[in-house]
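Student: I have a structure to read and some terms I do not trust yet. Can we go through them together?
Tutor: Yes. Ask how each term is earned.

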Amino acid sequence: MYRYDEYDQAVVDARVAEFRDQVERRLKNEISEEAFKPLRLMNGLYLQLHAYMLRVAIPYGTVDSRQMRMLAHIARRYDRGYGHFTTRQNIQYNWMKLEEMPDLLADLASVEMHAFQTSGNCIRNISSDQFAAAAADEIADPRPYAELLRQWSTLHPEFSFLPRKFKIAVTGSTIDRAAIKLHDIGLELVQNEAGEIGLKVLVGGGMGRTPMLGHVIREYLPVADYLSYMEAILRVYNRHGRRDNIYKARIKILVNDLGPAEFARQVEEEWALVKPLGLDPPPSELARIAAHFAPPVLDANAPVEIDLSNPDFANWVAVNTHPHKAPGYTIVTISLKAPGEIPGDASADQMDIIADLAQRYAGDEIRVTHAQNLVLPHVRRADLFDLWQVLVSAGLATANLDRASDIISCPGLDYCTLANARSIPIAQKLAVKLAPQEADLGELKIKVSGCINGCGHHHAGHIGILGVDRKGEENYQLLLGGSGAEDATLAKILGPGFDENGIVTAVEKVIDRYKTLRADPAERFLDTYRRVGAEPFKEAVYG
Amino acid sequence: MAEVYRLRADPEHTAPAVPLAEYQPGGTAVWLEAGDDARLLVPHLGALRRIDIAFPKFREGRGYSSARILREAGFTGEIRAVGVLYVDQLMFLTRAGFDAVLPETPIDPAVAEQTLKRFPFVYMKATDAVQPVWELRERA
Ligand code: HEM
Ligand code: SF4
């Protein structure tokens, strides 16, 4: 795990002092809400329907037990005992009081955390693969590359007033768990013929109103040129991205308007000018950062075989664990999707329990996934049963990873000012209905957004649900066939929308039809859909 | 408009700034709209003494790139940010290459001084002489 040095800590502490000052000026009415708004947004503080919401950055989704305990403390001390893990690997608190924010940020800073750039038209929290450093399929840990970006993008003098927000994801594996094709910039670590690590650079992906997949503009970028190349991309975007219409201001629109080849040409041209300025740190800086991410010392003799005679335990192991690099170890996903609960919510007590488990069993690391679950990355298989028993007693042993009740949902109309419809209750109803048959259905990713901004990734759902406003009533559109993984595609709308009960029935009809259509029990819904197309499902739902 | 907040010691160059489209070679002061291409001025940097860059909206951010491009091209005259700007943006502005600000609402010099001292370290190189932390770490 990365540890702050004196420089990192001084910058975060200065930020807390700055915000304390700004809040004081606001509370004394020395600055208007209008002038204060951009300042609070730079610190992740939104005004929602009922209260302030704070978004805390979890860089590349990694925290240790000490930090998780602080997140629990914040939930207790400043919120109502809960936190909400988001699809961008951050955590949000929904019931914040402005006057308490400076103390809260100081608490965060005491464990090397912050809310820098979790909002606003700047480079946002860098996301990454939740299985980093543990997955058997990766070529290198992507997090040092993400940390280098985090530092470079913090309070960047040129790129803090971009046309629109800017999201970057980094992965070290060809199995894409970070949705790199759906980010403004997606980076994949690749090796050249000499075996040296470089970066494949994708630009122009994104969800929201106009979903698009990113384009590769560089197959191999040497690490020595990493930051200067990012500067070039951001500069082309900052200068030429549209600013006349916020719905057309993301980089995807610029890349699409220019065409990826012309965009790439402009980046190369700019890069030729900025490269000689010496913006790239020496290799020793990446090496310094990478040293922090050295994996925990693993037991080479950890037993591989374990007792799976308890069927509930065996089922959980089958569904919620992934192969680890090291034999005798495994990667555990803790589902925050117990059917009927709010997707991504965790109570302060649950956070404390997970912190304890991480310390005891997982090399003191916890990851947040973009599907709003948590991961313990380095667990001895021999410890799984003890760990599982603790999870069971904490209500955290739901065995549903990537299954029908593992639903992504945005906050929707229950909290969000931009929402057209509620999304949490739809997710809850669907999860309860589908959970009994989800083992039979296999991998099925359902994603719900409460408006076209798409925070719930509905375009990347095998089944996506989008809340819209129809003459003042909540209405839900059904989309099929999306994927946010390495086989990324965008889901398409099936037909006219439904009311709250209608959408649940429609999803059930789609699933029933899938069961009759699948080539064999192992064919996923997504693959069946890709094979047979939308027609049979249209007929099932509307016929 | 309020008073200009300047971080330069030399006397103010007060010639009126002409719009880029009307600029004639040899002119000493020019006005760039937010969307104007600063690179068009590169051949004229020797003659220019002041370049004003417009920030018509708070959200406007192109001027930061314009200023940086001008500094990267070696311009040492005044670069003035004009428009909807607040004291809280001073660090971004100065690091991007601005050394004067003409904001719509006045900047209190005492608050400005405090603001500019706020962050003891920076993470990336820019147009000023401040060393990024990776250089400080390298030295240590
Ligand atoms: C106060 C609550 C929120 C507001 C006002 C909000 C606002 C927005 C807006 C306006 C967009 C569209 C941006 C665009 O297309 O240019 C967006 C996209 C997005 N938001 Fe949110 N959001 C909120 C909460 C959340 C939450 C809770 C999550 C995670 C669960 C989230 C994750 C995302 C993601 C992943 C996208 C789409 C990815 C992309 O930007 O391309 N947001 N949000
Ligand atoms: S998708 Fe819409 S409703 Fe949901 S959180 Fe985003 S902005 Fe709010």
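**Terms and reasons**

Tutor: Chain A has 17 helices and 20 strands. Keep in mind that this is a predicted model.

Student: How do you know that chain B can be trusted in this prediction? What is its average pLDDT?
Tutor: Chain B averages a pLDDT of 95. The scale runs from 0 to 100. In chain B, 99% of the residues score at least 70. For the model, the scores are ipTM 0.97 and pTM 0.92.

Student: Why does pLDDT matter to a reader?
Tutor: Where it is low, the predicted coordinates should not be read in detail.

Student: What makes chain A agree with a compact globule?
Tutor: Set the value against the rule. For 543 residues, a compact globule would have a radius of gyration near 24 Å. Chain A has 23 Å, which agrees. Its C-alpha trace spans about 60 × 60 × 60 Å along the principal axes.

Student: Which elements make up chain B?
Tutor: Chain B has 4 helices and 6 strands. From the N terminus, the order is β-β-β-β-α-β-α-β-α-α.

Student: Why is chain B called as compact as a globular protein of its length?
Tutor: The globule rule gives 14 Å for 140 residues. Chain B has a radius of gyration of 15 Å, which is close, so the description holds. Along its principal axes, the C-alpha trace of chain B spans about 50 × 30 × 30 Å.

Student: Why are H3(A) and H4(A) called roughly antiparallel?
Tutor: H3 of chain A covers residues 65-78, and H4 of chain A covers residues 101-109. Their axes cross at roughly 165° and come within 10 Å. Angles over 145 degrees count as roughly antiparallel. Therefore H3(A) and H4(A) earn that name. The crossing is right-handed.

Student: Which residues make this contact between H3(A) and H4(A)?
Tutor: H3(A) brings Met70(A), Leu71(A), His73(A), Ile74(A) and Tyr78(A). H4(A) brings Asp103(A), Leu104(A), Asp107(A) and Leu108(A). By class, the contact has 6 nonpolar, 1 polar and 2 charged residues.

Student: Why are H6(A) and H1(B) called oblique?
Tutor: H6 of chain A (residues 226-240) and H1 of chain B (residues 62-72) pack at about 125°. Their axes are 8 Å apart. Over 145 degrees would be roughly antiparallel, and 65 to 115 roughly perpendicular. The angle of about 125° fits neither range, so H6(A) and H1(B) are oblique. Their crossing is left-handed.

Student: What meets what in the contact of H6(A) with H1(B)?
Tutor: Glu231(A), Arg235(A), Asn238(A) and Arg239(A) meet Arg62(B), Ser65(B), Arg68(B), Ile69(B) and Glu72(B). By class, there are 1 nonpolar, 2 polar and 6 charged residues.

Key. Residues numbered from 1 in each chain as written. Chains lettered and ligands numbered in written order. Predicted model: local features only at pLDDT ≥ 70, side-chain atom pairs only at ≥ 80, totals over all residues. Heavy atoms only, no water. Axes fitted to C-alpha atoms, helices over the stretch in contact; angles between N-to-C directions. Helix = DSSP H or I, 4+ residues; strand = E, 2+ residues; numbered from the N terminus. Parallel < 35°, antiparallel > 145°, perpendicular 65-115°, else oblique. Left-handed = near helix turned anticlockwise from the far one by under 90°. Contact = heavy atoms within 4.5 Å. Nonpolar A, V, L, I, M, F, W, Y, C, P; charged D, E, K, R; others polar. Rg over C-alpha atoms; globule rule 2.2 N^0.38 Å.
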